[in-house]
Amino acid sequence: MADPSTVPASAAGTEILRRATQNIASNSSTVKLLDGVANHTYTILSIIFFNTSASDAEDVLMWLDVDGAGSTERSIIDETIPAQSTFVWNDKFIMVGTDELVARLDTGSGNVNTIISYIEQRWA
């Protein structure tokens, strides 16, 4: 497995363990948790959601936008996370090419931090 800090963005035929972080703060806009790239395959290993609110539960929606088309959503979770609590999604799944993993809050505004662990494979 390659050290991600030494692999050029143009490298082909690589397999790299990666992580990404995002903050979900609103129901009025979506957040791309992971934005796919052509000729890449992503194996999602786990996603940690942490609700930083001291008093409010947050309802998090997450879906797969196939090919980044915007209209081909595939729901993955609709989970209520209590205040100051963590929800871990550790079912594995695959994203290919320009798929996008997207999330938003169901109501109002809040603050949910995410950490995504995944394997990125490059083919071209």
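In these legends a residue counts as buried when its relative accessible area is under 20%, as exposed when this area is over 50%, and as partly exposed in between. The model shown in every view is a predicted one.

**View 1. A salt bridge joins Arg18 and Glu120.** The side chains of these two residues meet with a nitrogen-to-oxygen distance of 2.5 Å. The contact links distant parts of the chain, since Arg18 belongs to strand E1 (residues 15-26) and Glu120 to strand E9 (residues 109-122), with 102 residues separating the two. Arg18 has a relative accessible area of 23% and is therefore partly exposed, whereas Glu120, with a relative accessible area of 7%, is buried.

**View 2. Arg18, Glu120 and Arg122 are linked in a network of salt bridges.** In addition to its contact with Arg18, the side chain of Glu120 meets that of Arg122 in a salt bridge with a nitrogen-to-oxygen distance of 3.1 Å. Glu120 thus takes part in both of these contacts, with Arg18 and with Arg122. Arg122 has a relative accessibility of 5%, and because this value is under 20% the residue counts as buried. The structure contains four salt bridges in total.

**View 3. Lys32 and Glu100 form a salt bridge.** The closest nitrogen and oxygen atoms of this pair lie 3.1 Å apart. Here too the pair links distant parts of the chain, with Lys32 in strand E2 (residues 31-35) and Glu100 in strand E8 (residues 100-105), 68 residues apart. Lys32 is partly exposed at a relative accessible area of 41%, while Glu100, at 12% relative accessibility, counts as buried.

**View 4. Strand E7 has a covered face and an uncovered face.** In this strand, which spans residues 93-96, Phe93 and Met95 make up the covered face, and Ile94 and Val96 make up the uncovered one. Strand E7 pairs with strand E3 (residues 40-51) in the antiparallel sense, and four bridges connect the two strands. Val96, which belongs to the uncovered face, is the bridge partner of Thr41.

**View 5. Phe49 and Phe87 form a tilted aromatic pair.** A search of the whole structure finds two aromatic pairs. In the one shown here, the ring centres of Phe49 and Phe87 are 6.0 Å apart, and their planes stand at 35 degrees to each other. This pair also links distant parts of the chain, because Phe49 is in strand E3 and Phe87 is in strand E6, 38 residues apart. Both Phe49 and Phe87 are buried.

**View 6. Asn39 and Gln84 have positive phi values.** Asn39, a residue other than glycine, has a phi near 65 degrees, and it is found in the loop between strands E2 and E3. With a relative accessibility of 46%, Asn39 counts as partly exposed. Gln84, which is not a glycine either, has a positive phi of about 55 degrees, and it lies in the loop between strand E5 (73-81) and strand E6 (86-89). The relative accessible area of Gln84 is 45%, so this residue is partly exposed.

Technical notes: Residues are numbered from 1 along each chain as its sequence is written. This is a predicted model: local features need pLDDT of at least 70, side-chain atom pairs count only at pLDDT 80 or more; totals for chains, interfaces and linings use all residues. Side-chain values use heavy atoms; hydrogens and water are left out. Buried means under 20% relative accessible area, exposed over 50%, partly exposed in between (1.4 Å probe, protein chains only). Two strands pair if DSSP finds at least two bridges between them. Rings of Phe, Tyr and Trp (its six-membered ring) pair if their centres lie within 6.5 Å; planes under 30 degrees apart count as stacked, over 60 as edge-to-face and the rest as tilted.
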